[in-house]
Amino acid sequence: YSDRFLFNWLVWRKWVFDLDNRSGQETGYLFEPVLTRCLGGQAVDAKSSPVKRIGEDGEPKKEGRQIDCYVEDEKLAYEFKIRLTIAASGQGRWEEELSFPRECVAAGIKPVLIVLDPTTSNRFVQLSTLFLSLGGLVFVGEAAWRHIEERAGPTMASFVENYIKPALDAASEFDTTQLDPITMTWSSSSVVIRIGDKEHKIKRE
């Protein structure tokens, strides 16, 4: 390939990666607080977390683990996943995923895995099996939604059923074998994304 082809590809790939990473964060910011409230808990950052990392010597460290939803009075630590695919994480990140339920148990807290999309993979089997083997709980697909709604109470359950679940279900059910062609155009003032016959313009400053 020519240098021009390679440099174009590298720039576009970096930009799309940044966009994808940010959109994933925004999705979490939108849905996770609602699900956390429904489950009767709160998000906990690493600094104030009761779950501590385990060192190579098997002893707890001062460094804590972030918890998506912690229900303190029941000692439950929820881990939210929309989907667990085979390419979900790099090896280092995947080791982090696997260590979380072990560190919960070491802290006397029950780990609970919530996976909203029932699509299975080797990653999903490995992680869910680990949670269960450590005495944790796993809720997948419709069982996950039922668990959330049962804990939420009628008002919040109705909100989840009407506004949260349909949006995530629609994303999960999208037929990726029928993708429309995509083109991107970059200028100093904007990036234009065209998918099929639809166009979206992102202004740049």
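1. In which hand of crossing does helix α4 pass helix α5? The crossing of α4 past α5 is right-handed. It should be said at the outset that this is a predicted model, and the points below describe that model.

2. Two packed helices are described by the angle between their axes and the distance between the axes. For α4 (residues 142–152) and α5 (residues 154–173), the axes come within 8 Å and cross at roughly 155 degrees. Because an angle over 145 degrees counts as roughly antiparallel, α4 is roughly antiparallel to α5.

3. The residues that form this contact can be named. On the side of α4 they are Glu142, Trp145, Glu149 and Ala152. On the side of α5 they are Pro154, Met156, Ala157, Val160, Glu161, Ile164, Lys165, Leu168 and Asp169. Sorted by class, the contact of α4 with α5 has 8 nonpolar and 5 charged residues, with no polar ones.

4. Helix α4 also has a place relative to strands. It lies across β4, β5, β6 and β7, and runs at about 110 degrees to β7.

5. The strands that α4 lies across belong to an open sheet of 5 strands, in the order β1-β4-β5-β6-β7, and the pairing in this sheet is mixed. At its edges stand β1 (42–44) and β7 (137–140), each of which pairs on one side only. On average, neighbouring strands of the sheet are turned by 30 degrees against each other, direction ignored.

6. Within that sheet, β5 and β6 (residues 110–115) run parallel and are joined by 6 bridges. Ala77 stands opposite Pro111 of β6.

7. Lys75 deserves a separate remark. This residue is located in the loop between β4 (67–71) and β5 (76–81). Its phi is near 55 degrees, a positive value in a residue other than glycine. Is Lys75 buried, partly exposed or exposed? With a relative accessible area of 38%, Lys75 is partly exposed.

8. Further along the chain, β8 (residues 182–186) and β9 (residues 190–195) run antiparallel and are joined by 5 bridges. The connection from β8 to β9 is a hairpin through 3 residues. Thr185 has Val192 of β9 as its bridge partner.

9. Strand β9 pairs with β10 (residues 198–203) as well, in the antiparallel sense and over 6 bridges. Here the bridge partner of Val192 is Lys201 in β10. The hairpin of β9 and β10 has 2 residues between the strands, and Gly196 in this hairpin takes a positive phi near 60 degrees.

Terms used:
Residues are numbered from 1 along each chain as its sequence is written. This is a predicted model: local features need pLDDT of at least 70, side-chain atom pairs count only at pLDDT 80 or more; totals for chains, interfaces and linings use all residues. Side-chain values use heavy atoms; hydrogens and water are left out. Axes are lines fitted to C-alpha atoms, for helices over the stretch in contact, and angles run from 0 to 180 degrees between N-to-C directions. Helices (H or I, at least four residues) and strands (E, at least two) are DSSP runs, numbered from the N terminus. Angles under 35 degrees count as roughly parallel, over 145 as roughly antiparallel, 65 to 115 as roughly perpendicular and the rest as oblique. A crossing is left-handed if the near helix is turned anticlockwise from the far one by less than a right angle, and right-handed if clockwise. Contact means heavy atoms within 4.5 Å. Ala, Val, Leu, Ile, Met, Phe, Trp, Tyr, Cys and Pro count as nonpolar, Asp, Glu, Lys and Arg as charged, and the others, Gly among them, as polar. Buried means under 20% relative accessible area, exposed over 50%, partly exposed in between (1.4 Å probe, protein chains only). Two strands pair if DSSP finds at least two bridges between them.
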